[in-house]
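Q: Hi! Could you walk me through this one? I'd like to begin with a single residue and then zoom out.
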Amino acid sequence: MKTTTLNELLKHGPCASGWVKLTGQSSDESTWVGDDEPLGFDEILKSNGLDDALWACRVLEGEDLKLFKLFICDIAERALVHVQEGGSRRKLLIDTARRYLNGECSEEELYVATIAADTFSVVNASYIAANYVYAAVYASGAASAANGAAAGNAERKAQEEMFINFIGE
């Protein structure tokens, strides 16, 4: 089971509402206190929901971070069924992101796929090369919501189950 700590989360600037929900502490950031006790991502999911649990994954490093980004590629790929235009270019971007994460293509190839997918501006391409997959989560949520509440809820549940499988590795 993957874990973090409150101190690690504090290093990444959590939002007040998420911190209060997770810890029960005041919303006054000057009073926030962390600790180094292991905190399971499953606990964050149960307390705060999927969005905050995914946000908390920014503390991951090394192989865990790589696996997280691959997991986000899986979520983004699921969202493609809701994309009206440019789905094949976005699929190419997701495939290229996977290849990049696995050391099978260059940052330049990822940059080209990013531009071809027309998902973000050229200015952001170098940022995307390192962090593209975080944005995919939000795109996925928006895409599933666009397909209606029932479908959105079913997709969200599927994403939560995928996340539970990811953190259990």
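Q: Sure thing, where is histidine 12 placed?
A: Histidine 12 lies in the loop between helix H1 (6-11) and helix H2 (16-23). Helices here are DSSP runs of H or I with at least four residues, strands are E runs of at least two, and both are numbered from the N terminus. This is a predicted model: local features need pLDDT of at least 70, side-chain atom pairs count only at pLDDT 80 or more, and totals for chains, interfaces and linings use all residues. Residues are numbered from 1 along each chain as its sequence is written, and side-chain values use heavy atoms, with hydrogens and water left out.

Q: What is histidine 12 in contact with, beyond its neighbours within four places in sequence?
A: Trp55, Arg58 and Val59. Contact means heavy atoms within 4.5 Å.

Q: And how far apart are the C-alpha atoms of histidine 12 and tryptophan 55?
A: They are separated by 9.4 Å, although the two residues are 43 apart along the chain.

Q: Is histidine 12 buried, partly exposed or exposed?
A: Histidine 12 is partly exposed, because its relative accessible area is 33%. Buried means under 20%, exposed over 50%, and partly exposed in between (1.4 Å probe, protein chains only).

Q: Zooming out, how many helices and strands does the protein chain have?
A: Nine helices and two strands, in the order β-α-α-β-α-α-α-α-α-α-α.

Q: What about confidence, so which pLDDT does the chain average?
A: The average is 83, and 77% of the residues score at least 70; pLDDT is the predictor's confidence in each residue, from 0 to 100. Over residues 120-130 the pLDDT is below 50, and that stretch has 13 contacts in the model beyond near neighbours in sequence.
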